[in-house]
Amino acid sequence: GYQVPGAHCMERFVETRCADVLAGRYSPEQLQLAPEVSRERVEALVAQHEAAEGYPLAPEQRAAVWMAMTEPVSLLLGGPGVGKTTIARLLAEETG
């Protein structure tokens, strides 16, 4: 089927990056979003985000933030309105 060029390029990038990770082409340091991530750091980041936005994250969203900050590869999936953009924005703010 038809796929818009931008989506195709992004999917190929993710595919290549995942293959590189699985092949061991990156050091552990290169795979971490933030070095030495602790539960306290993630909770502080979430609390800061919640205070700024004025609403709490759902337990599943908190788990997604933890996963994204501690695992070398994370997929953030879900239907409309489950908070994918919220989590992506929170992570983008953290990484500058």
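## Exercises on a five-helix chain

Helix H3 covers residues 39-53, 15 residues in total. From first C-alpha to last, H3 reaches 21 Å, close to the 21 Å expected at 1.5 Å a residue. The model is predicted. Work through each task with the structure in view.

### Exercise 1: The overall layout

**Task.** State how many helices and strands the chain has, and give its spans along the principal axes.

**Solution.**
- Step 1. The chain holds five helices and zero strands.
- Step 2. Read from the N terminus, the order of elements is α-α-α-α-α.
- Step 3. The C-alpha trace spans about 40 × 35 × 20 Å along its principal axes.
- Step 4. The chain has 96 residues, and buried ones make up 21% of them.
- Step 5. Take the contacts between residues at least 6 apart in sequence; 51% of these join residues at least 24 apart.

### Exercise 2: The two sides of H3

**Task.** Which residues of H3 are buried, and where do they fall when seen down the helix axis?

**Solution.**
- Step 1. List the buried residues of H3: Val42, Leu45, Val46, His49 and Glu50.
- Step 2. Look down the axis of H3. The buried residues fall within an arc of 135 degrees, so they line one face of the helix.
- Step 3. Recall a general rule. An α-helix has 3.6 residues a turn, so residues three or four places apart point the same way.
- Step 4. Turn to the other side of H3. Glu40, Gln48, Ala51 and Ala52 are exposed there.
- Step 5. Find the cover. Helix H4 (59-70) and helix H5 (84-95) are among what covers the buried residues of H3.
- Step 6. Check what comes after. Gly54 follows H3, and its phi is positive, near 85 degrees.

### Exercise 3: The span of H1

**Task.** What should helix H1 span at 1.5 Å a residue, and how far apart are its end C-alpha atoms?

**Solution.**
- Step 1. H1 runs over residues 5-22, which gives 18 residues.
- Step 2. The expected span uses one less than the number of residues, times 1.5 Å. For H1 this comes to 26 Å.
- Step 3. The end C-alpha atoms of H1 are 26 Å apart, which agrees.
- Step 4. Gly24 follows H1 with a positive phi, near 80 degrees.

### Exercise 4: The nonpolar core

**Task.** Which residues form the largest nonpolar core, and which helix supplies the largest share of them?

**Solution.**
- Step 1. The largest nonpolar core has twelve residues: Val37, Val42, Leu45, Val46, Leu57, Ala64, Val65, Ala68, Met69, Ile87, Leu90 and Leu91.
- Step 2. Sort them by helix. H3, H4 and H5 each supply at least two residues of this core.
- Step 3. H4 gives the largest share, four residues.
- Step 4. Set this beside a general trend. In soluble globular proteins, nonpolar side chains tend to be buried together.

### Exercise 5: Glu50, Gln61 and Glu60

**Task.** Buried or exposed: how do Glu50, Gln61 and Glu60 count?

**Solution.**
- Step 1. Note the cut-offs: buried is under 20% relative accessible area, exposed is over 50%.
- Step 2. Glu50 lies in H3. Its relative accessibility is 14%, so Glu50 counts as buried.
- Step 3. Leave aside neighbours within four places in sequence. Glu50 is then in contact with Tyr55, Pro56, Leu57 and Arg62.
- Step 4. Look closer at Leu57. Its backbone nitrogen lies 2.8 Å from a polar atom of the Glu50 side chain.
- Step 5. Gln61 lies in H4. With a relative accessible area of 13%, Gln61 is buried.
- Step 6. Apart from residues up to four places away in sequence, Gln61 touches Val82, Gly83, Thr86 and Ile87.
- Step 7. Glu60 is also found in H4. Its relative accessible area is 59%, so Glu60 is exposed.
- Step 8. Glu60 and Val82 are 22 residues apart along the chain, and their C-alpha atoms are separated by 9.2 Å.

### Exercise 6: Cysteines

**Task.** How many disulfides are there, and why is Cys18 not bonded to Cys9?

**Solution.**
- Step 1. Apply the cut-off: two cysteine sulfur atoms must lie within 2.5 Å.
- Step 2. The count comes to zero disulfides. Cys9 is in none, since its nearest cysteine sulfur, that of Cys18, is 16 Å away.
- Step 3. That 16 Å is too far for a bond, so Cys18 is not bonded to Cys9.
- Step 4. Compare exposure. Cys9 is exposed, at 51% relative accessible area. Cys18 is partly exposed, at 25%.

Conventions: Residues are numbered from 1 along each chain as its sequence is written. This is a predicted model: local features need pLDDT of at least 70, side-chain atom pairs count only at pLDDT 80 or more; totals for chains, interfaces and linings use all residues. Side-chain values use heavy atoms; hydrogens and water are left out. Buried means under 20% relative accessible area, exposed over 50%, partly exposed in between (1.4 Å probe, protein chains only). The arc is that of the directions from the helix axis to the C-beta atoms. Contact means heavy atoms within 4.5 Å. A nonpolar core is a set of buried Ala, Val, Leu, Ile, Met, Phe, Trp, Tyr and Cys residues joined through side-chain atoms within 4.5 Å. A polar contact is a pair of N or O atoms within 3.5 Å; within protein, one must be able to donate a hydrogen and the other to accept it, and residues adjacent in sequence count only if both atoms are side-chain atoms.
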